[in-house]
Structures are given as C-alpha cells and as structure tokens.
Amino acid sequence: MASSRNPIAGQAAIVGIGHTVQGELPGRSVEENAVDAALLALADAGLSVDDLDGLIGCKSVQGQGNDVTVGQLLGRNLPYVQSLDYGTCNFSLHLAVMAIVSGLASTILLTYGANARTAKFDFGKPMYGADMASAAGLVHISGRAGLALQRHKALYGTTDEQFGMLAVGQRQWAQKNPNAIFRTPMTMADYLAEPYMVEPLRRSDVTMISDGGVAVVVTTAERARNLPQQPVYVSGIAEHAGVRGEHNPENLMRPWLKDSAKAIWSTTGLTPADMDAVYIQDPTAVWSLQMLEYYGFCGLGEGGPFLAEGHTLPGGDLPLNTHGGQLSESYTWGWMHMVEAVRQLRGQAGERQLADPKVALYASSHGFLKAAASVLSTEESVAA
C-alpha cells in the first residue's frame, strides 16, 4: 500500500518473465535475442504485444538493443518507449514503475539482449570513458575490483578462504539450476588452486561472458490481480549515484552504496532481517562482499567472517543469488537476478526453491558510478 514515505509501494507488479538459453547463440542479433525473450515473457504473463502500451529497452554492452530497434521487431507503435544507456535491470524496473505511477503507461515490456560472446565484443577497451584508472591500464572492471578487494583485505584482514566462499557458494547454487552455464562442482581447494587472474581475484571471482535475452512485464497492481501468474509487487525502490567518480574518497570501496541502502530501508520501513532472499548483481564477487556489508547484512569489514559462517550457501539463513549469479549462471547485467527473484517468490524455482519466501532484496550497481535497490514482495502492503 502506498504512503507519503513510499508512494510507489504496491502500485506496480511484475507479471511476466522470460529468457532465452544463456550461453552461445551464434548468428542472433542483440535485438533478436531480446525479442525472443519478450515473447516468452508476454506468454508467461498471459498477454500479447497488443496488450502493451510501453517498452523500455536496455542498451547492451555493444551499444545496441535500444527501444527503437527492439520496437521495430515487435511491430507496434506505443504511447511510451524509452531506453537506458546502462540498463541494469534495477534501473529499467525503476523507470517502468515511475512511468506506471505517473500514468505514462500501464503495461510495460522491459527487454535486454546481448551477443557479446559469439560476436567477440572487445572488453579490453575503456568502458567508463577517460579517467585515471583507464589511463593506468585498468580498462576492465576486474582490475579495479581487484584493487578494491586488496584494499578490503588490508583494512579488515579478509582472507582468500573467506572471500572464496562467494564463488564456491554461487557454484553450489548453480548446480541446482539447469539454466546455469557453470555447474561443475567446485570445492574451496579447487578455488584456491586457481591461479590469480588479476591478483587477488581468481577466474571464478569474475563473471563469464555469455549471449542471451531476458524480458520482464510490469503492470499496475489492479491489472496484475486478473492475470494468471502470482503478482510480484514492487514494494520499494531506491537509487544513489556516485558520479563524482574518482573525486569520491575511497571510491574503489564505493562508499555511496550505503546511501542507496539507507534509502531502501528508510523508504520501505523494512530491515535486512525482513529479507527472505537477496540478489546482488555480481560482475565480480567483490560487489557481493561490499553490498552485504553496506546493506547491513553484516557489519562494515565483517563480510569475510560472515561468509565463512556459511549464511549465503544453500541451506543458510541468507540465500544469496539462488540461481548462481553472474559468477556461475550467466552474464546479463543483473537481469537474470530479477527473473530468479520472481521465480522464488512465485514458488517456481524447482530444486533450489526456498521455503515460502515472501520478500526479497535486489541490489545492483553500475560499476563505480551508481547504485540501485528494489524490494520485491508477494504482498501488496508489505511496507511498514
């Protein structure tokens, strides 16, 4: 239920999810992958293209897949179409909710498509424009993330064994997920035996590159009640940007994440203890370490011991990325995190299904620049 503190609570719901096979899809364009997923999401929602009045496209890492290119394949003129330059799923979801609350549209399709693997996209070039890190040769996110982990280890004494629980845990979850690309069992000994890729990061601490499409349908709470799938309500959204970049003190540690965390908890009136599952967009495992701390699931600097206690593993009391995340399932800028959160809240996650989850946090970020968080729930009025 909406309030002055949380005006979007319970007003919009996710009613459809769809995705292609994740991995290698040779010969398919970014837009074709996005539309393949879109048709699956619409079918899941019990809707057709004719039921839409909005489309939000997400530009892929290759700079393709925006609203006008995807819209041409869908074949309809629409009252509201928009694209995000960097559309990690959280930011696209927030834009859809705001469009619905403002009345710009009532039923919106959100799409993502990529073919970075088979199209051999060059990740060895600067992705954040001209900055000091790129000038120093740190053009890939793993270089900066490696420095961030080195800083965390120096400040708090985090060990390789503690940090490795993220990669090992994500692989354990992925073994229960038939959609995951990396499902081979991995022990801590296996992890520690991997050579450093960018010290102190090993290969399993960094996402793979994959092709695929993902789509989500978001509509009003009123319409959601009459559709076939259980609605998953958007109970709160928050963002905070650190766009001063390297002018921020300790920007490798991304301290502005705590401002997004503070906003999501104060807006919803919920706390970390209220979450039944957590989804953290994880191009590197460092992102999960940082966000577990900033969002208050453990104290600042206590992430290492917290992970070592097994809270985030299958059977633990804080299920994290139950699909295997981007370390083991696929590389989708967090879009499959949203799909998995919806599946879990619907009770449709198969072997990895949690015991009756009601509320989940989805936290994501755009590199070293901005953060977003959403609370999803099976109830319209979960907010305090």
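In this predicted model, Pro200 lies in the loop that connects strand E5 (196-198) with strand E6 (201-202). The peptide bond between Glu199 and Pro200 is cis, with omega at about 10 degrees. This bond merits attention because most peptide bonds are trans.

Two further loops hold backbone angles of note. Asn321 is placed in the loop between helix H11 (303-308) and helix H12 (325-328). Although Asn321 is not a glycine, its phi is positive, at about 50 degrees. Asn321 is also buried, because its relative accessibility is 0%. Beyond H12, in the loop that leads to helix H13 (335-346), stands Trp333. Trp333 likewise is a residue other than glycine with a positive phi, in this case near 55 degrees. With a relative accessibility of 4%, Trp333 counts as buried. Such angles are worth checking in the model, since most residues other than glycine have a negative phi.

Helix H13 itself contains Gln344. The side of the chain on which this residue sits is not open to solvent by the usual cut-off: Gln344 has a relative accessible area of 1% and is therefore buried, the limit being under 20%. Which residues surround Gln344, once its neighbours within four places in sequence are left aside? The contacts are with Tyr279, Thr322, Ala349, Arg352, Gln353, Leu354 and Pro357.

Helix H2 (residues 67-74) shows how burial can be arranged around a helix axis. Its buried residues are Asp67, Val70, Gly71 and Leu74. These residues lie on the same side of H2, because they cover an arc of only 105 degrees around the axis. The elements against which the buried residues of H2 pack are helix H1 (30-45), strand E2 (54-58), strand E3 (80-84) and strand E4 (107-114). Just after the helix comes Gly75, whose phi is positive, at about 80 degrees.

Helix H9 (residues 257-268) includes Thr268. The relative accessibility of Thr268 is 0%, so this residue counts as buried. Its C-alpha atom is 5.7 Å from that of Gly236, although the two residues are 32 residues apart along the chain.

The cysteines may be considered next. A disulfide is a covalent bond between the sulfur atoms of two cysteines. With a cut-off of 2.5 Å between the sulfur atoms, the count of disulfides in the model is zero. Cys89, for example, takes part in no disulfide: the nearest cysteine sulfur belongs to Cys58 and is 8.3 Å away. Cys89 is buried, since its relative accessible area is 1%. Cys298 is buried as well, with a relative accessible area of 12%.

Finally, the model contains a pocket, the second largest, with a volume of about 360 Å³. Its lining consists of 16 residues, and those closest to the centre of the pocket are Asp131, Arg144, Gly245, Glu246 and Asn251. Two elements each give two or more residues to this lining, namely helix H4 (132-135) and helix H5 (141-156). How do the lining residues of the second largest pocket divide into nonpolar, polar and charged, and how many fall in each class? Eight are nonpolar, four are polar and four are charged.

Technical notes: Residues are numbered from 1 along each chain as its sequence is written. This is a predicted model: local features need pLDDT of at least 70, side-chain atom pairs count only at pLDDT 80 or more; totals for chains, interfaces and linings use all residues. Side-chain values use heavy atoms; hydrogens and water are left out. On a 1 Å grid over the protein atoms alone, a cavity is a set of points where a 1.4 Å probe fits but cannot get out, and a pocket is an open set with protein on both sides within 12 Å along at least five of seven lines; lining residues have an atom within 4 Å of a point. Grid points are joined across faces, edges and corners, and a volume is the space filled by probe spheres set on the points. Helices (H or I, at least four residues) and strands (E, at least two) are DSSP runs, numbered from the N terminus. Ala, Val, Leu, Ile, Met, Phe, Trp, Tyr, Cys and Pro count as nonpolar, Asp, Glu, Lys and Arg as charged, and the others, Gly among them, as polar. Buried means under 20% relative accessible area, exposed over 50%, partly exposed in between (1.4 Å probe, protein chains only). The arc is that of the directions from the helix axis to the C-beta atoms. Contact means heavy atoms within 4.5 Å.
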